[in-house]
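Please look over the sequence and the model shown here before reading on. The paragraphs that follow move from the chain as a whole to some of its details.

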Amino acid sequence: MAIVLLLVGAVTFNSVADLLVNNAETQIQETALQTNGRMESLFEQVDMLSKQVATNSSVQSLLQRTMQGETVAYQDKQSLVQLTNMYEAYSNGITSFEIYTNNTRRIIPIDDASLRSRISDQWISKADEAKGKLVWIGRDSQDPQYFLAIRRISLIDRWFSKGGYLLMRIDESYFQITEDPKQQYMIVLDDAMNPVASNYYRDIGPIVDSDSSRLELNKNEYMMVKRTSQTNGWTVLILTPVSSLMEGVSALRNAVLFSAMIGFIFFMISSYFLSTLITKPLFRLTKAMKAANNGKLSFNHMNSSTIEIKQLNDTYNQLVEQTNHLIQVVYEKELIRSRTELKALQAQIDPHFLFNTLNSLYWSLEEKGEDELAQQVIAMSDLFRYTITNSSSQEWVTLKQERDHIERYMQIMKMRFGDRFTGKIEVNEEFFNVKIPKLLIQPLVENAIVHGIRSQTGTGFVKVLISPSYKNGRLRVEVADNGAGIDEPTIQQIYESMESGNYIASKGTGMAIGNVHKRLKLYYEEEGIKGIAITSRQNEGTSVIFEIPAKRGADHESENNLNCG
């Protein structure tokens with residue numbers, strides 16, 4: 001409860017403090033907006049008065065005559081002095097107007113000085129680029145208590161061509177900022193980030209360079225608000241002490257602490273009376289659970305007035321019931337598994353019995369001198385041993401093992417067909433260690449004999465050719481016969497059955513050509529193997545062709561076992 005109250009108090013205190021700071025920041029933003037508006041108004045007043053002077057008919061006429069080469073009389077200059085004095089009286093900030101010809105010679109004041117003696121050429125160029133708009137220069141280098149601003153005078157009757165320049169001198173008190181009793185600092189910067197007005201009398205460099213809304217000045221933390229004018233590009237900076245924003249937070253902190261203490265005391269008194277309603281039923285339930293740890297799963301018969309405790313006890317009783325049921329189910333499954341293992345052991349005995357019987361037959365034929373039949377029995381025994389073994393470790397075999405199996409099968413078929421059948425296997429010894437799935441090639445040889453050779457009247461021939469493919473890293477496997485061949489519609493039907501998966505097994509083997517196609521796709525799909533291709537000509541023979549990766553070695557065997565899984 002203390003932790004909860006502490007967290008609630010901290011969250012409440014931080015929320016209210018943030019609210020106070022946000023409200024203060026909003027007020028400061030409003031102050032910055034108002035100050036910015038005031039500066040814009042003062043700037044626009046200067047702009048308006050200077051524009052009136054620049055467009056005055058007397059000024060326009062005099063500058064136009066100077067462009068025509070006429071000499072300005074003293075009386076004309078004197079009249080312009082009176083005119084500018086009148087405009088100066090309208091403003092409490094502009095202290096003087098200076099008018100220059102287009103060749104930067106001064107007309108008033110009447111001393112024939114050059115504009116370049118007052119300002120640098122870059123400001124004259126900026127005034128020309130502004131084409132009559134007011135250009136703020138900044139502090140007067142000759143008298144820092146004043147600011148300078150300039151605008152080009154465009155002659156209205158001469159298509160607004162350049163007639164001269166109007167230079168204004170503005171008193172710095174015109175943009176004066178009042179002192180703040182809360183030590184709130186305010187700085188006004190022009191578009192070149194030079195100070196125009198400020199009540200901060202120290203170096204403003206760190207303030208101008210800072211991009212953070214919080215900064216430390218004179219060992220005090222200040223919140224800084226910036227506001228940039230869209231009219232003249234001036235920026236108003238207002239710095240407010242954070243301590244003044246947090247006034248009243250200490251009273252809030254005391255109120256939160258007092259409320260937390262009252263709540264904690266109330267909680268302790270209430271929990272003393274309420275805990276007995278909860279702890280007693282829990283102790284009884286805990287005792288029943290400890291008995292379950294000792295192997296005794298019994299129901300806990302208890303009635304509680306507390307809904308939560310009653311639900312907890314009912315859940316425990318349901319758990320006991322389900323656990324007892326699961327124990328019974330696991331026991332029955334163990335019995336079934338034991339019986340299955342016995343059957344599996346029995347299934348292992350049956351092939352051994354077959355192999356032992358064939359071995360006994362072999363020795364009997366050897367004793368009687370039937371060497372040829374004895375060799376056939378050995379070939380049949382090896383054939384069965386290779387086919388029946390289904391352990392996962394022998395799911396993948398070497399190409400040499402598959403070749404030996406095909407040779408034994410051809411030997412048995414030779415005994416069956418006699419001189420009507422011949423077979424040949426061509427494979428380079430360097431590929432003997434290539435790993436392939438067991439019984440990948442032999443079913444195709446069986447298919448060629450059963451469907452291509454059996455019905456022939458002449459000598460049948462089956463050839464197995466394993467050679468490098470034109471694609472790097474692959475072997476080309478071809479099983480060819482000289483049988484009756486297959487017509488084109490039948491080949492298309494075989495292709496369709498392989499794609500659809502509706503295979504028809506070869507008679508007597510239980511393994512169709514589509515089965516081999518499916519295994520190729522299953523084992524080598526990631527290698528880009530597309531499956532089986534069939535070429536045939538009637539009365540000439542049939543070729544079944546596919547490709548396998550030419551990888552070899554034990555590492556590839558483990559990789560293929562993973563792919564197979």
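In this predicted model, 61% of the contacts in the chain with a separation of 6 or more are between residues 24 or more positions apart. The chain holds 14 helices and 17 strands, and of its 565 residues 39% are buried. Its accessible surface comes to about 33,400 Å², and 53% of that surface belongs to carbon and sulfur atoms.

Charged side chains offer a way into the details. Side chains of opposite charge can pair when their charged atoms come close, and the structure holds 16 salt bridges. One of them is formed by R118 and E98, whose closest N and O atoms are 3.5 Å apart. This pair links distant parts of the chain, since R118 sits in the loop between β2 and α4 while E98 belongs to strand β1, residues 94–101, with their positions 20 residues apart in the numbering. Both R118 and E98 are buried.

Other salt bridges have partners with more precisely stated accessibility. The side chains of R214 and E221 meet at 3.3 Å, N to O; R214 counts as partly exposed because its relative accessibility is 35%, which lies between the 20% and 50% limits, and E221, with a relative accessible area of 40%, is partly exposed as well. In the salt bridge between E540 and R537, the closest N and O atoms are 3.8 Å apart. E540 has a relative accessibility of 51% and therefore counts as exposed, the limit being over 50%, and R537, at 58%, counts as exposed too. Salt bridges that share partners also join E98, R106, R118 and D140 into one network.

The backbone has some details of its own. The peptide bond from I108 to P109 is cis, with omega near -10°, and P109 is found in the loop that runs between β2 (106–108) and α4 (121–130). Beyond α4, in the loop between that helix and β3 (135–139), lies K131, a residue other than glycine whose phi is nevertheless positive, near 55°. K131 is exposed, with a relative accessible area of 62%. W159, also not a glycine, has a positive phi of about 55° and lies in the loop between β4 (146–155) and β5 (161–171). With a relative accessible area of 75%, W159 is exposed.

Note on methods. Residues numbered from 1 in each chain as written. Predicted model: local features only at pLDDT ≥ 70, side-chain atom pairs only at ≥ 80, totals over all residues. Heavy atoms only, no water. Helix = DSSP H or I, 4+ residues; strand = E, 2+ residues; numbered from the N terminus. Buried < 20%, exposed > 50% of the residue type's maximum accessible area, 1.4 Å probe, protein only. Contact = heavy atoms within 4.5 Å. Areas by Shrake-Rupley, 256 points an atom, 1.4 Å probe, with all protein chains shown as cover. Salt bridge = Lys/Arg side-chain N within 4 Å of Asp/Glu carboxyl O.
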